[in-house]
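This report describes one residue and the strand that comes before it. Look at the chain first, then read on.

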Amino acid sequence: LKTTRTLSSRGIRLGVLDNSKANADHLLNLIVEGVKKEYKVDSVVIKRKPASSRPATDQVLDELAKEADLVISAMAD
């Protein structure tokens, strides 16, 4: 985890990138809840790709880079 913030005293700004596959949102919610049990999380920002077969837009990636210290992405069916 590369950041200029001190995570020991502050919470993580967690980013989530949903790839739009079926059940990916459920899997990602379980992961976020697990992270919240282990670490202090100040915020969660969730972005969703328009289609699983297409890459995330530059805008979505830029927003995640700006708003999150760590980004989780997963796929499911």
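## A buried asparagine

In this predicted model, Asn 19 has a relative accessibility of 8%. Buried means under 20%, so Asn 19 counts as buried. The residue sits in the loop that links β1 (12–18) to α1 (24–38).

## What surrounds Asn 19

A polar atom in the side chain of Asn 19 lies 3.1 Å from the backbone nitrogen of Lys 21. Lys 21 belongs to the sequence neighbourhood of Asn 19; what does Asn 19 contact once neighbours within four places in sequence are left aside? The partners are Ala 24, Lys 49, Ala 51, Ser 52, Ala 74 and Met 75.

## The strand before the loop

Of the 7 residues in β1, 6 are buried, and the strand is therefore mostly covered. In a regular strand, side chains alternate between the two faces of the sheet.

β1 pairs with two strands, β2 and β3. With β2 (residues 41–48), the pairing is parallel and has 7 bridges. One of the bridge partners is Lys 47 in β2, which is matched with Leu 17. Between these two strands the chain passes through α1, and the resulting β-α-β crossover is right-handed.

β3 (residues 70–74) also runs parallel to β1, and 5 bridges join the two. Here Leu 14 has Leu 70 of β3 as its bridge partner.

Technical notes: Residues are numbered from 1 along each chain as its sequence is written. This is a predicted model: local features need pLDDT of at least 70, side-chain atom pairs count only at pLDDT 80 or more; totals for chains, interfaces and linings use all residues. Side-chain values use heavy atoms; hydrogens and water are left out. Helices (H or I, at least four residues) and strands (E, at least two) are DSSP runs, numbered from the N terminus. Buried means under 20% relative accessible area, exposed over 50%, partly exposed in between (1.4 Å probe, protein chains only). A polar contact is a pair of N or O atoms within 3.5 Å; within protein, one must be able to donate a hydrogen and the other to accept it, and residues adjacent in sequence count only if both atoms are side-chain atoms. Contact means heavy atoms within 4.5 Å. Two strands pair if DSSP finds at least two bridges between them. A crossover is right-handed if, with the strands pointing away from the viewer, the path from the first strand over the helix to the second runs clockwise.
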